[in-house]
Number of protein chains: 2
Amino acid sequence: MTSLRMTSDLRRQLILGAAKRCFARHGYNGTTTKSVAAAAAISEALLFKHFPSKAALYAEILSEECEADPELAVLLEREPSTATLVELIRGMVQYFVEIADGPDQEEAQRLRLMVTSHLDDGEFARLLYAKVEKLIGTVFVASLERAVAAGDAAPPRSEPLNLFWFAHHTVLTAALTRLPATPCLAYGKADDLERQLCEFLLRGIGLNDAAIASHLGRASTPEAKETAIAESA
Amino acid sequence: MTSLRMTSDLRRQLILGAAKRCFARHGYNGTTTKSVAAAAAISEALLFKHFPSKAALYAEILSEECEADPELAVLLEREPSTATLVELIRGMVQYFVEIADGPDQEEAQRLRLMVTSHLDDGEFARLLYAKVEKLIGTVFVASLERAVAAGDAAPPRSEPLNLFWFAHHTVLTAALTRLPATPCLAYGKADDLERQLCEFLLRGIGLNDAAIASHLGRASTPEAKETAIAESA
DNA sequence: TCAGCCTAGGTGAGTGCTTACTCACCCGAT
DNA sequence: ATCGGGTGAGTAAGCACTCACCTAGGCTGA
């Protein structure tokens, strides 16, 4: 094994990256420290110089994975409105639908960790749900209120935040079905799965068809998105 | 280890039951043949007299788990209608919501197997999805058509079957969040989570609020269900 | 009737292999 | 010369799986 010398911090990051890939693909029990060391192109001994145990390595990955997406922050800044609500759902759908065919599989790993947490004690999932709720929940609820006030949506008879979670649930499983090499569901070979999901979710949330059509019809390109944002202000 | 003598078939079933519990709770890699033997109150050697390998035991559980629910068959017999559609969704929601606090945890095990399959090669999930589609899909699509014809639902702009899967996705994750000992989401401490889910899903499918209110408002007891069925005929 | 044995349910004590983890040691740069 | 990055060769425990053996009972045949 001939590997270059490097700083401790960089090595740590390389190990974490390799371990993340391994744990996400094979789960905690299905991953061996030997395979992680091989993926990081180092010896097993060096791995244990950086992390005291396999469990500690796993725990560090989980806590690191809790950090928020920077691109999400953009949505937070937006004025609450029907357009923001639609954009929020569309962004969520897009994110989850594209998880499977992401190039680096990083988002797929996050999904795998999230799901395995549900099968375990659920602690990681609770942490992540809480973070998402703090980040997106408020924008969602405020935007829904505005949409109701503007006559774009029916007043919700449910806890508004739950509507967000229901939508989240839908796209999470949709992404899950596309995780294996051969997808679990074909969705009628739909090429516009994204649009179908958006319509379903927005209807479920309570938006009327006119609002959905007007806000969802356009804005498929970033430029168009900007236009929609400008119009909504 | 003092265990009674018994027939080979009965012993097989006891082992399968114990193994199902183990695999569902800890996954394939997390389950040891020793723990399965202990759960079945027999020696490990006897286990291997009945099943040639751990993998074969797991495979048999998966194929056995593919069998359909008998109670589902009732819904198949019903005349397609808006009421049937609502009942279908309500039944599905009820089934998934009650998974977590089922007494024997048998349904929770099925959910766990289903989800772990998605993280693996997805083969078991594909089988089960295909079976569900054959059983419920036709009734769902036919009922949705009737609902549209009756003016209860907007004509779907999506593949109708996908609407069913979207609804299925939602409740699947909802059940998943309630699988750990402490639920991953509180849903605003909702006691009427079932109703909120039904409304969200039926709206998403395209039913108008009047139809939802009239079909969902009543029929919370079996007797009322019968009434609704009779009225829908 | 009953010794004798034969079979099928059942097990304790392993087998070889893999796992997480350790330790004595190496080497290049300061 | 020393110190931190790096390793080969372990170790003890745990894994899936096996084998020689045990024992209760049913069925012979004399």
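Visitor: What share of the accessible surface of chain A belongs to carbon and sulfur atoms?

Guide: This is a predicted model, where local features need pLDDT of at least 70, side-chain atom pairs count only at pLDDT 80 or more, and totals for chains, interfaces and linings use all residues; side-chain values use heavy atoms, without hydrogens or water. Residues are numbered from 1 along each chain as its sequence is written, and chains are lettered from A and ligands numbered from 1 in the order in which they are written. Accessible areas come from the Shrake-Rupley method with a 1.4 Å probe; for residues, only the protein chains shown count as cover. The accessible surface of chain A comes to about 10900 Å², and the share of carbon and sulfur atoms is 56%.

Visitor: How many helices are there in chain A?

Guide: Helices (H or I, at least four residues) and strands (E, at least two) are DSSP runs, numbered from the N terminus. Chain A has 0 strands. Its helix count is 12.

Visitor: What percentage of the residues in chain A is buried?

Guide: Buried means under 20% relative accessible area, exposed over 50%, and partly exposed in between (1.4 Å probe, protein chains only). Chain A has 233 residues. The buried part makes up 48%.

Visitor: What share of the contacts in chain A with a separation of 6 or more comes from residues 24 or more positions apart?

Guide: A contact means heavy atoms within 4.5 Å. Take the contacts in chain A with a separation of 6 or more. Residues 24 or more positions apart account for 68%.

Visitor: Which residue does A:Glu60 meet in a salt bridge?

Guide: A salt bridge puts a side-chain nitrogen of Lys or Arg within 4 Å of a carboxyl oxygen of Asp or Glu. Here N to O is 2.2 Å. A:Glu60 lies in helix 4 (residues 54-65) of chain A and its partner in helix 1 (residues 8-26), so the pair ties together parts 48 residues apart in sequence. A:Glu60 is partly exposed at 28%, and at 22% so is its partner, A:Arg12.

Visitor: How far apart in sequence are B:Glu65 and B:Arg110?

Guide: Their side chains meet in a salt bridge (3.6 Å, N to O). B:Glu65 sits in helix 4 (residues 54-65) of chain B and B:Arg110 in helix 7 (residues 106-119), and the pair links distant parts of the chain, separated by 45 residues.

Visitor: Is B:Glu65 buried or exposed?

Guide: Its relative accessible area is 3%. That is under the 20% limit, so B:Glu65 is buried.

Visitor: Which other residue forms a salt bridge with B:Arg110?

Guide: The closest N and O atoms are 3.8 Å apart. The two residues are 3 apart in helix 7 of chain B, so about one helical turn separates them. B:Arg110 is buried at 15%, whereas the partner is partly exposed at 23%: B:Glu107.

Visitor: How many salt bridges does the structure hold over all chains?

Guide: One network of salt bridges links A:Lys20, A:Glu64, A:Glu65, A:Glu107 and A:Arg110. Over all chains, the structure holds 24.

Visitor: What rotation superposes chain A on chain B?

Guide: Copies are superposed by least squares on C-alpha atoms of residues with pLDDT of at least 70 in both. The RMSD is 0.1 Å, and the shift along the axis is 0.0 Å. The rotation is 180°.

Visitor: What relation is that?

Guide: The superposition pairs a 180° rotation with 0.0 Å of shift. This is the relation of a two-fold axis.
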